[in-house]
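Reader: I am new to this structure and would like a friendly walk through it. Could we take it one question at a time?

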Amino acid sequence: MQPQVPTRANRNNRGPIPFESDATYLKVSGELPPELNGTLYRNGPNPQFDVPDAHWFVGDGMLHAFHLENGRASYRNRWVRTPKWQAEHEAGRAIFGGFGRKLPDTPASITDGGVANTNIIFHGGKLLALEEAHLPTEIEPGTLATRGYCNFDGAIGGPFTAHPKVDPVTGELVFFGYNASGPLTPTLSFGSIDPKGNVTRFDRFEAPYASMVHDFIVTERHLLFPILPITGSMTRAMKGQPPYAWEPDKGAYVGVMKRNGAANDIVWFRGESCYVFHVMNAWEDGDRIIADVMQFEEAPLFPHPDGRRTDPDKSRARLARWTFDLAGNTDRFSQVYLDDLTGEFPRIDDRRAGVASHHGWYACANPDIAMFDDFSGLAHVNGKGERLAKYLLPAGDGISEPVFVERHKDAAEGDGWLLAAIWRAQENSSDLAVFNATDIQAGPVALVHLGHRVPDGFHGNWVGAA
C-alpha cells in the first residue's frame, strides 16, 4: 500500500501556531558548520485571531529566530506587536479582515491595520520587520521584543517596501514604496539610507497606473520600477469589488532611472503583461541591463475585476530574463523564460547584488505533484540561468525561501551554505536545514530539529555574530 501523499487540499502548514516559545539546545542531526555563528531571522503571517475568508498572507507577522553558535542551535518565536496586534489582543477578537479592511463594530479610533509580516533585515544597527504598506517596525535583536515604527528620525514617511536592497560596495540601503499618496494611488516613493542609518534621499514620482509593486530592481548605476497589471482601484473598492485585480490589458511598464538622477528623468519601457513578485538579481552589461526574475504569465492570488480567477496553469512563476536596451534603439524590454521549473523566493550570494552573479537559488516545486505555491525542493542555477542542480524533499514536505550565508567574508562567490526551514508533513514539525550551497543535490549537511512547525512564511535573513 502506497503512503498517502499530502495534497494541496489537505496540506496543513499555513494555519497559525497559537503560542510563543523559547527552545535551547535543540537536537542536531549531522554537524553544524563551526563557521555558522549568528541568527537566521524569518518572518511570515501567523494570525492572532481567525478571520473567515481572509487570505493567509494577511495574518499578523510572527518572527522565528534560529540562533547557531559553536555547533549548537536554539530557537525563539514572537509575534510582532504592531498597533493592530495590540488592539486585537486587548479586544480579544479580530478587528481587521486584511488589507486594512476593518470588521463591523470596530471603534473608529482604531485605524492602523499593519501586520509587519513579510521580511526582516538588519541595517544601520537596527533589526527591522517589514511589510509593504507601512513603515518598518524595529525589533530588539535577541529578545524579538517590538520597539515600534521606525521612520529614521522623521526622514521618511508612508509605505516602505519589504524588499529593500543593500549595495554590497557602499553599504547603502535602497528602498521604495507604492501607494505613496494614499491607498490605491499611482504614486511611488524611493530613497536611500547609508550604512549608519542616515536617510540620504527621499523622493516621489507618478507611475503609469496604480499597481501592487512588491519588488524592484537595483544595479550599480540604475533603479528599475516594475509597474505590472495587478492594478489598484479605489472605485472598485468603494463598490465592494476587488481593490486589487488582474488587468492584463494595462500592459507591463518598467521605469528606469539613474541612481544619481532625478525622478522626472525616468524612462519607461513596455513589455508583455505578466507579474513578478521577486527579483533574483540584475546587472549592467554595456548599454544593457539584465534582470533575472520569477515571472508569472498571469497573476496568482488576485482575481479579474469581475471576480473571475486567473488561469491556474499560467499562475505559476518560472525563472525569466528581462533585457533593457539603454542605447535607445527600442522602448520595449525583452522577456525570455530560462527554465520551465515552477519556483519562487530567489536568492543569491548578496555580495554580488547589483552586479553579474554566477550562482542563484530558489525554492522549487515537484513538477509531478505541486501547484505554483507548493514548494518542496531547491534549484541551483548559474549566471546564465542554467540549472546546475535540484534537490527534492519527500512527497508532501515543504521548504521555505533559501538564505545564503558565505563561509567567510572573503570566500569565493557561492562558497557557503543555504539555510531553509523544512516542514515535515508526517511529523507536522519543522527542521532548519543547512545545505552546502554548491552541492544541494547531496541533501542537508545538518538538520536542526524543532519540536513544532514553523508555518509557511515569506522571507528571512542571516545576521552574523558581532
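Reader: Let's begin with Glu172: between which two strands is its loop found?

Author: Happy to start there, and please keep in mind that this is a predicted model. Glu172 belongs to a loop rather than to a strand. The strands on either side of that loop are β10 (165–166) and β11 (173–178).

Reader: With which side chain does the side chain of Glu172 make a polar contact?

Author: Setting aside neighbours within four places in sequence, Glu172 is in contact with several residues, including His123, Lys165, Ser192, Thr200 and Arg259. A polar contact needs an N or O pair within 3.5 Å. At 2.7 Å, the side chain of Glu172 makes such a contact with the side chain of Arg259.

Reader: Now to the interior: which strand gives the largest share of the largest nonpolar core?

Author: In soluble globular proteins, nonpolar side chains tend to be buried together. Here the largest nonpolar core has 79 residues, and Leu188, Trp322, Phe324, Tyr362 and Ile399 have the most contacts inside it. Its largest share, six residues, comes from strand β20 (residues 275–285).

Reader: How many residues are in the other core that lies apart from it?

Author: Among the members of this other core are Leu40, Leu68, Val403 and Trp462. Its count is 20 residues.

Reader: Are the rings of Phe66 and Tyr75 stacked, edge-to-face or tilted?

Author: The count of aromatic pairs comes to 24. For Phe66 and Tyr75, the ring centres are 5.1 Å apart and the planes meet at 55 degrees. Planes under 30 degrees apart count as stacked and over 60 as edge-to-face, so this angle fits neither. The pair is therefore tilted.

Reader: And what is the angle between the ring planes of Trp79 and Trp85?

Author: Trp79 and Trp85 are both buried. Their rings form a tilted pair, 6.0 Å centre to centre. The angle between the planes is 40 degrees.

Reader: Which residue's charged end sits over the ring of Tyr209?

Author: Ring pairs link Tyr209 into a cluster with Phe176, Phe190, Phe205, Phe216, Phe225, Tyr253 and Trp268. A charged end sits over the Tyr209 ring, 5.8 Å from its centre. That charged end belongs to Lys250.

Reader: Last one: which residue in β33 stands opposite Tyr41?

Author: Strand β33 (residues 460–464) is mostly covered, with four of its five residues buried. It pairs with strand β3 (residues 38–45) in the antiparallel sense, over five bridges. Opposite Tyr41 in this arrangement stands Asn461.

Notes: Residues are numbered from 1 along each chain as its sequence is written. This is a predicted model: local features need pLDDT of at least 70, side-chain atom pairs count only at pLDDT 80 or more; totals for chains, interfaces and linings use all residues. Side-chain values use heavy atoms; hydrogens and water are left out. A polar contact is a pair of N or O atoms within 3.5 Å; within protein, one must be able to donate a hydrogen and the other to accept it, and residues adjacent in sequence count only if both atoms are side-chain atoms. Contact means heavy atoms within 4.5 Å. A nonpolar core is a set of buried Ala, Val, Leu, Ile, Met, Phe, Trp, Tyr and Cys residues joined through side-chain atoms within 4.5 Å. Buried means under 20% relative accessible area, exposed over 50%, partly exposed in between (1.4 Å probe, protein chains only). Rings of Phe, Tyr and Trp (its six-membered ring) pair if their centres lie within 6.5 Å; planes under 30 degrees apart count as stacked, over 60 as edge-to-face and the rest as tilted. A charge sits over a ring if NZ of Lys or CZ of Arg is within 6 Å of the ring centre and within 35 degrees of the ring normal. Two strands pair if DSSP finds at least two bridges between them.
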